[in-house]
Structures are given as structure tokens and as C-alpha cells.
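Here is a short, friendly tour of one protein model. Have the viewer open and follow along.

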Amino acid sequence: MTNMDKLYDSVAANGPVCVGLDTEIGYLPATDPAKTAGENVVEFNRAVIAATRGVAGCYKVQIAYYESLGLDGLRAYAETLRMARATGLPVIADIKRGDIAKTAEMYAKAHFTGDFEADIVTLAPYMGLDSISPYLPYCKEQGKGVFVLCRTSNPGSRDFEYQTLADGRTVYTMVGDALTQLGADYMGERGYSSVGLVIGGTTGEEAAEIRARYQNTFFLIPGYGMKQGNGGVVNSSRGILLAYKKQPGVAFDEAAYNECVRMREDIQSECDKL
């Protein structure tokens, strides 16, 4: 069973909410001055994980938030990965690596083994498919997975991703097609490839077209775009971590749980309309 299979099963059991542990020290409602910034972040993350493990489909940890704290932050990153993986839920390391050759091999080793081991990582494809291939042996041999940037939701996505090619496809469609073809050799038991795509929030029509085009590809979605309630996870970071600010008098971990439940119900409601 691959980690994409496990992700599919987790979404089926717990819902499609991906809890983004993109934790900035300023997000914490209080800190312990006797602890380092990284230690405070770990304790906050520990409480959020404990509160949400029954209503989260997976966790995503964005490494930049931890790198910004130096060595203290990298220790917090490793500990956060360990705590999240201990729940048994799939854990995505949001690292967006995109280099080639030996450098990519070292990135793959760093994030699929050792202190920074995750179940799935995010990658950037614009140096070519040889920026993805060093990760694939881990997919084949250990069931690891990758989510590769395809159609992103940032305003600048139209600078490149929406450019039209000679054959009429957009650049993001060319990327999606190539990665889907590559991923065909890494199919799991649940009918999804270990090579997934990052698909940003889209209009309803565009989302339907993307979902129909890539039927056997799991999506990491900062927006909605599911297939019968599965086939993707919807990430929320600040919305969950800072939910306590919109729920006066509620502890931050309880507020995170409440926001996960609200999100899950909202997504299910949208899926039911399809």
C-alpha cells in the first residue's frame, strides 16, 4: 500500500481537511519565556495535532516557517514531523524542491529518510522531469509520494502557467499531462498514482475540467475540487492555527478542532452539490 493509498483511506475515514502546521511564532496566543522559539512552536503544534487527529485527513508542514528560526527551528521541524507521523495519518513535507541530478538525489534522501522523513513531499517541475525522477525510487520501493506544482492559485500563476502552447494546451496542462504519464507506473491499490498534483483554487468549470482530465491523480488543493468526496485534500494553515482569534474564549486547540469540523462539513456540502 502506498502513502497515496493511505491518504485516500484517511480522507474516506476522517474527511479531506489537511491541517497546515505552517506555524509562525507570532501565531501562538502565549509563549513560555523559559523555552526557545522552536520549543514553543513544538508545544503549540503538539496541542493542535492532539485536538485535530480525529478530524484531519493529513498534516502538511511547510519547512520555511521552521528554517526561519535557524537550527532551533529545524529541530522543531523534525519534532513536528515525528509527532504528526506518530498519529498514523499521512504527513506532507511542503518543501517545493526543484533541482536536478545529484542535488535532487540528496534532497530526496534528506526528506524521505532520517530526521526530516515525511510520507509525501511537494516538488517544483520547471527544470524538467529529471527534477522529479530522483524521488521516484522512494515511491516504488517505500510507497512514498510526491505532489508536484501544476496549477497554482497565486496571482503570478498567469505569468507562466496559463500561457498557450502551439498545440492549444496551457503550460499547466502540459505539466499535468507529462506528470500523469510519468505517474502511470506508480499506481496504488486505490486507483491513484504516487505522483500527485498541486491544483490551486479554480472556478467551478475549470476545476471540473481539471478533475476530469486527471482522474487517477490525487490533488493537494488550496481550494475545492474533489471527486465524490475524495481524490484530494484541502489545505488550511492560518485558518486553523489562528481560529482561536475568531472564537473568543475558546482555547486555541479546541478552536482548531472546531475549524476543521466546519471545513469538513463545508467541503462535504460542496461535494454533495456535484
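## Cysteines without bonds

Let's begin with Cys18, which is buried, its relative accessible area being 0%. Please keep in mind that this is a predicted model. How many disulfides does the structure hold? The count is zero. Cys18 is accordingly in no disulfide, and the nearest cysteine sulfur, that of Cys58, is 3.5 Å away. Since a disulfide calls for two cysteine sulfur atoms within 2.5 Å, the 3.5 Å between the sulfurs of Cys18 and Cys58 does not qualify.

Cys139 is buried too, with a relative accessible area of 4%. For Cys139, the closest cysteine sulfur is again in Cys58, but at 16 Å, so the two are too far apart for a bond.

## The nonpolar cores

Next, the interior. The largest nonpolar core has 65 residues, and those with the most contacts inside it are Val19, Leu21, Tyr59, Tyr77, Val121, Tyr135 and Val146. Which helix gives the largest share of this core? Helix H11, spanning residues 252-272, supplies seven residues. There is also a second, separate core of 15 residues, with Val11, Ile92, Tyr192 and Phe218 among them.

Val121 is a good residue to click on. Setting aside neighbours within four places in sequence, Val121 is in contact with Ala93, Ile95, His111, Phe112, Tyr135, Gly145, Val146 and Phe147. Two of these partners, Tyr135 and Val146, also appear in the list of residues with the most contacts inside the largest core.

## A buried loop residue

Where does Ile132 lie? Ile132 sits in the loop that runs between strand S4 (120-123) and helix H6 (136-142). Although in a loop, Ile132 is buried, with a relative accessible area of 0%.

Not counting residues up to four places away in sequence, Ile132 touches Leu123, Ala124, Pro125, Val148, Leu179 and Leu182. Val148 is 16 residues from Ile132 along the chain, and their C-alpha atoms are separated by 8.4 Å.

## Two helices side by side

Finally, turn to helix H2 (residues 37-52) and helix H4 (residues 70-86), which pack with their axes 8 Å apart at an angle of about 15°. Angles under 35 degrees count as roughly parallel, and H2 and H4 are therefore roughly parallel to each other. Their crossing is right-handed.

Which residues meet here? On the H2 side they are Ala37, Gly38, Glu39, Val42, Asn45, Arg46 and Ile49. H4 answers with Asp72, Ala76, Glu79, Thr80, Met83 and Ala84.

Terms used
Residues numbered from 1 in each chain as written. Predicted model: local features only at pLDDT ≥ 70, side-chain atom pairs only at ≥ 80, totals over all residues. Heavy atoms only, no water. Helix = DSSP H or I, 4+ residues; strand = E, 2+ residues; numbered from the N terminus. Buried < 20%, exposed > 50% of the residue type's maximum accessible area, 1.4 Å probe, protein only. Contact = heavy atoms within 4.5 Å. Core = buried A, V, L, I, M, F, W, Y, C linked by side-chain atoms within 4.5 Å. Axes fitted to C-alpha atoms, helices over the stretch in contact; angles between N-to-C directions. Parallel < 35°, antiparallel > 145°, perpendicular 65-115°, else oblique. Left-handed = near helix turned anticlockwise from the far one by under 90°.
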